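Colleague: Could we go through this model together? I would like to hear the reasoning behind each label.

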Amino acid sequence: GIFVLGLPYALLHSGYSGLFLIILAAALCCYTGKILIACLYEENEDGQLMRVRDTYEDIANASCKKLFPRLGGIVVNVTQMMELIMTCILYLIVSGNLLSHSFPYVPVTEKTWSVIAFVTLLPCVFIKTLKIVSRLSQLCSLVHFIIILVVMTYCLTQTHQWSWAKFRLSIEFEDFLVSVGVIIFSYTSQIFLPTLEGNMKNPGEFRSMLNWTHFFACFLKSAFALTAFLTWGDETKEVITDNLPSFLQTLVNLCLLTKALLSYPLPFFAATEIAYACISRSNYRSPLFALGVRGSLLLLTLLMAMFVPHFALLMGLTGSVTGAAMTFLLPSLFHLKLKWKKLAFLEKCADISVFILGFLCSLAGIVCSIKGLLEVFG
């Protein structure tokens, strides 16, 4: 995701520990992805695993059925919708920002550019299957590789400037927390995993797929962050493409714009799927009504991108709560609740450790985000 472009900046504030965090975050997110999917299955009378649940909501309802049968699902759905809609809005804001920087001579405001980007996303209301989304995501990945290749190629031409002395040994705690947030949220994918696993031709390969994707993501992110930071050192900017020379910056910005627009359909599709799940309970499934729901969600993302002030800070606050909850807190909690009797002692310790770590990350992110909001409004 676009978070990757902030990894060199994260290394600037976390030093050597940042490289360790990139590896640790990959391992933890891979683990919580596996235990989340394990919660979809139960053993039948013959000892065979059967998929008895389909969504994150089903897992939450199963975990809370004794006390509050529907509360768990409602909390998960609200949390998912908040994060997905916020992500869609962020892509619109990023698109407007990239267009304004790519064409500074055009007398158009950032918000107007966001509206232009929004027009190109109107066909999203007609997306009905994950297959279309997966093809768009494949193109998104290709564009992402091009961006990384361009940046890393330029960095490799500057090896004569590299120095390991640029790494900090002493770091400030608050800056370190910002780095933790950027690194962890560059791996989050738990919201999409139940749907993804359910649509695989061979779900038995899910664990292997998760291992390989997180391994390659970790390797690429480490290499990308390291080469970029060694190239620019203390001059590393929040978004690394701002460090590139102007002739490359425009090219990469246009690639980033393409990536942002191609990234939008995945969270949008996931949000509409959650909305449909709620609609199906009311037995009202008119195709025209479904189209209206997709259109309304699409319009909502534009309106919030246009009129909500300081959205980036609000996104940080929301992400600290929803991101940590969906990635660490809930998967470990649900796994403990549903599989407690079958878990080994070390597995229970691992789940509890992940839960505590997720809680601390969430708390730290909330404190930093609220402090940032108070400074802006103060």
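Colleague: Where does S163 lie, and what makes it count as partly exposed?

Modeller: S163 lies in the loop between helix 6 and helix 7, where helices are DSSP runs of H or I with at least four residues, numbered from the N terminus. Buried means under 20% relative accessible area, exposed over 50%, and partly exposed in between, with a 1.4 Å probe and protein chains only. S163 has 29% relative accessibility, so it counts as partly exposed. From S163 to V321 the C-alpha distance is 37 Å, with their positions 158 residues apart in sequence.

Colleague: What should I keep in mind about the source?

Modeller: This is a predicted model, in which residues are numbered from 1 along each chain as its sequence is written. Local features need pLDDT of at least 70 and side-chain atom pairs count only at 80 or more, while totals for chains, interfaces and linings use all residues; side-chain values use heavy atoms, leaving out hydrogens and water.

Colleague: Where is confidence lowest, and where is it highest?

Modeller: pLDDT is the predictor's confidence in each residue, from 0 to 100. Its mean is lowest in helix 7 (residues 173-185), at 75, and highest in helix 9, at 93. The chain averages 85, and 94% of the residues score at least 70.

Colleague: How do you know that the span of helix 10 agrees with expectation?

Modeller: The expected span is 1.5 Å times one less than the number of residues. For the 18 residues of helix 10 (residues 246-263) that gives 26 Å, and the end C-alpha atoms are 25 Å apart, which agrees. Buried residues of helix 10 include L248, V252 and L256.

Colleague: Why is helix 3 called mostly covered?

Modeller: Seven of the nine residues of helix 3 (residues 56-64) are buried. They are Y56, E57, I59, A60, N61, A62 and S63.

Colleague: What describes the packing of helix 6 and helix 9?

Modeller: Helix 6 (residues 130-156) and helix 9 (residues 206-232) have axes 9 Å apart, at an angle of about 40°. Axes are lines fitted to C-alpha atoms over the stretch in contact, with angles from 0 to 180 degrees between N-to-C directions. Among the contacting residues, with contact meaning heavy atoms within 4.5 Å, are F145 and I148 of helix 6 and L220 and F224 of helix 9. The contact residues divide into eleven nonpolar, two polar and no charged; Ala, Val, Leu, Ile, Met, Phe, Trp, Tyr, Cys and Pro count as nonpolar, Asp, Glu, Lys and Arg as charged, and the others, Gly among them, as polar.

Note on methods: Helices (H or I, at least four residues) and strands (E, at least two) are DSSP runs, numbered from the N terminus.
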